[in-house]
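Subject: Structure for your review

Dear colleague,

Please find below the structure that I am handing over to you. My notes on what was found in it follow directly after it.

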Amino acid sequence: MASTTTWSTTTKTFRIINAPISNDDERSQNLSGCSMLVEDGLLPMLFRDEPPRTPDPPNFYVASAGNKGAGMFAARDIPAGALILVDRPVAIVPSNIEPLLSWKREAFDALIARIIPSERERLLQLANCHSVESRPIVEGIALTNAFGVELGVTEQEYGGIFPSVSRANHCCGLNTAIKWDPATFSVSMYSLCDVQAGEEIYNQYIDVLAPRAERRAQLARYDFICLCQHCDLPDDEAVAKSDAARAELRDWRNTHTRFEPWAEDMCRSDDVVIESSLRALELVRQEGLWGMQVPFMEDLALSYAVLGDEEQFRVWAEKVVELCSGQDPKRANKFAQWLADPASYRRWGWRTKQRKLLDKQKNLPPDIDISIPW
Ligand SMILES: C[S@@+](CC[C@H](N)C(=O)[O-])C[C@H]1O[C@@H](n2cnc3c(N)ncnc32)[C@H](O)[C@@H]1O
């Protein structure tokens, strides 16, 4: 077949572009790059800002994870909320490529030929859960490793293949979160809880709040049965307990009072949000769903703020700051300001004052004279 430089569907034309990336890390001396099979007209205009610096020396190493193949492990104790790594894609491919069958092999082969050799070598080392006969090699690698990236300039969905982040295996209880930033064209991986040296670092491939059977069905797309501790349970009773906890967390907003409606509603008891948030955190701990804990900690901090309980407010607000400083600095700063001056929180102690006023009114002597006039 004659080689071509563009490939078309009924609605779109794709072209390969090579986007040079200047990294601010050790490899920056060499020009790195990303090859992208993207809609024609899309320019490599994507790298405006410098990404955060990858910790040096690295926080992780890649080693055997037994039956899961290779995996990513903590090189040292990593505190909750810390930046583990920053990674840039070596390739970007359209996600819904199934209808493009006729030219897929040619386009993917052309893509791999455009990747600079050092990056190509890293890409080809990644896991591939498809045979090279059934799919072009880059497509197999993309289906095994890529995750959705917003290019911010088109509706088309794309997947990015990341040489480091791709080494993280899936776990249905999470110890990290990843955040894609189109402006810096990078993903940052943060710890969601304290991770001990030597512990495996995981990523999340699917919706982990689904019951185990549904999670297994979703993971069939990656062609493996999850071997994580939250799936590999001893009996049906343990599975039912885990499924029930996840279902409870999934429906939490619809079944429990959250902070906002409670804060100024004096008909509700003062501890209702505190009690329910503590229960939610217990479920989060049980299931290892660390990524869900911040909103409950935030509710706890604010509930104690509205009650004017400075000691407990500090306990929870400090946790929010710790967990958010890397991946959600805006939220962390807001809580840091309140920690510096709790009274600057506009509802500081409001419920307690209100409760006292209400109690006072209840105990007031009647202001009408009901004595019998004789
Ligand atoms: C993105 S790769 C992860 C890194 C991979 N283990 C490697 O050797 O490079 C995804 C593949 O790793 C394996 N894997 C990931 N998480 C797993 C898990 N929880 N249980 C079993 N296998 C897993 C599966 O073979 C899956 O297709």
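How many helices and strands does the secondary structure of the protein come to? The count is twelve helices and 13 strands. Please bear in mind that this is a predicted model. Of the 374 residues in the protein, 33% are buried. As for contacts between residues at least 6 apart in sequence, 65% of them join residues at least 24 apart.

Domains

The protein is divided into two parts, with domain 1 covering 6-203 and domain 2 covering 240-358. Their C-alpha centres lie 35 Å apart. Twelve residues from domain 1 and eleven residues from domain 2 take part in the contact between them. On the side of domain 1 that touches domain 2, eight residues are nonpolar, three are polar and one is charged.

The surroundings of the ligand

Which residues come nearest to the ligand? Among the 20 residues around the ligand, these are G69, A70, A127, N169 and H170. By residue class, the shell around the ligand consists of ten nonpolar, seven polar and three charged residues. Three elements each supply at least two residues of this shell, namely strand 5 (70-74), helix 3 (137-145) and strand 10 (169-170).

The four-stranded sheet

Strand 5 and strand 10 also belong to an open sheet of four strands, whose order is 4-5-13-10 and whose pairing is mixed. Strand 4 (60-64) and strand 10 are the edge strands of this sheet, and each of them pairs on one side only.

Strand 4 pairs with strand 5 in the antiparallel sense, over five bridges. Within this pair, Y61 has F73 in strand 5 as its bridge partner. Strand 4 and strand 5 form a hairpin with five residues between the strands, and in this hairpin G66 takes a positive phi near 65°.

Strand 5 is also joined to strand 13 (residues 200-203), by two bridges, and these strands run antiparallel. Here F73 stands opposite E200 in strand 13, while the bridge partner of M72 is I201 in strand 13. F73 therefore deserves a look from both directions, as it is the bridge partner of Y61 and stands opposite E200.The three-stranded sheet

Another open sheet is formed by three strands in the order 6-12-11, with antiparallel pairing. Strand 6 (83-87) and strand 11 (176-181) stand at its edges; each has a single partner strand, so one side of each is left without a neighbour in the sheet. On average, and with direction ignored, neighbouring strands of this sheet are turned by 20° against each other. Four bridges link strand 6 to strand 12 (residues 186-191) in the antiparallel sense. One position to inspect in this pair is L85, which stands opposite M189 in strand 12.

Strand 9 and its partners

Strand 9 (residues 158-161) pairs with two strands in the descriptions that follow. With strand 7 (residues 91-94), strand 9 shares four bridges, and the two run antiparallel. P94 stands opposite Y158 in this arrangement. With strand 8 (residues 147-149), strand 9 shares three bridges, and these two strands also run antiparallel. The bridge partner of V149 in strand 9 is Y158.

Are the residues of strand 9 buried or exposed? Y158, G159, G160 and I161 are all buried. Y158 and G160 point one way from the strand, whereas G159 and I161 point the other way. Such an arrangement can be set beside a general rule: in a regular strand the side chains alternate between the two faces of the sheet.

A residue in helix 2

L124 has its place in helix 2 (residues 117-124). Why does L124 count as partly exposed? The reason is that L124 has 13 C-beta neighbours inside 10 Å, and a residue would need 20 or more to be buried, or 12 or fewer to be exposed. L124 and I137 are 13 residues apart along the chain, and their C-alpha atoms are separated by 8.4 Å.

With kind regards

Definitions and conventions
Residues numbered from 1 in each chain as written. Predicted model: local features only at pLDDT ≥ 70, side-chain atom pairs only at ≥ 80, totals over all residues. Near = placed C-beta within 6 Å. Nonpolar A, V, L, I, M, F, W, Y, C, P; charged D, E, K, R; others polar. Pairing = 2+ DSSP bridges. Domains from an automatic or database assignment. Contact = placed C-beta atoms within 7 Å. Axes fitted to C-alpha atoms, helices over the stretch in contact; angles between N-to-C directions.
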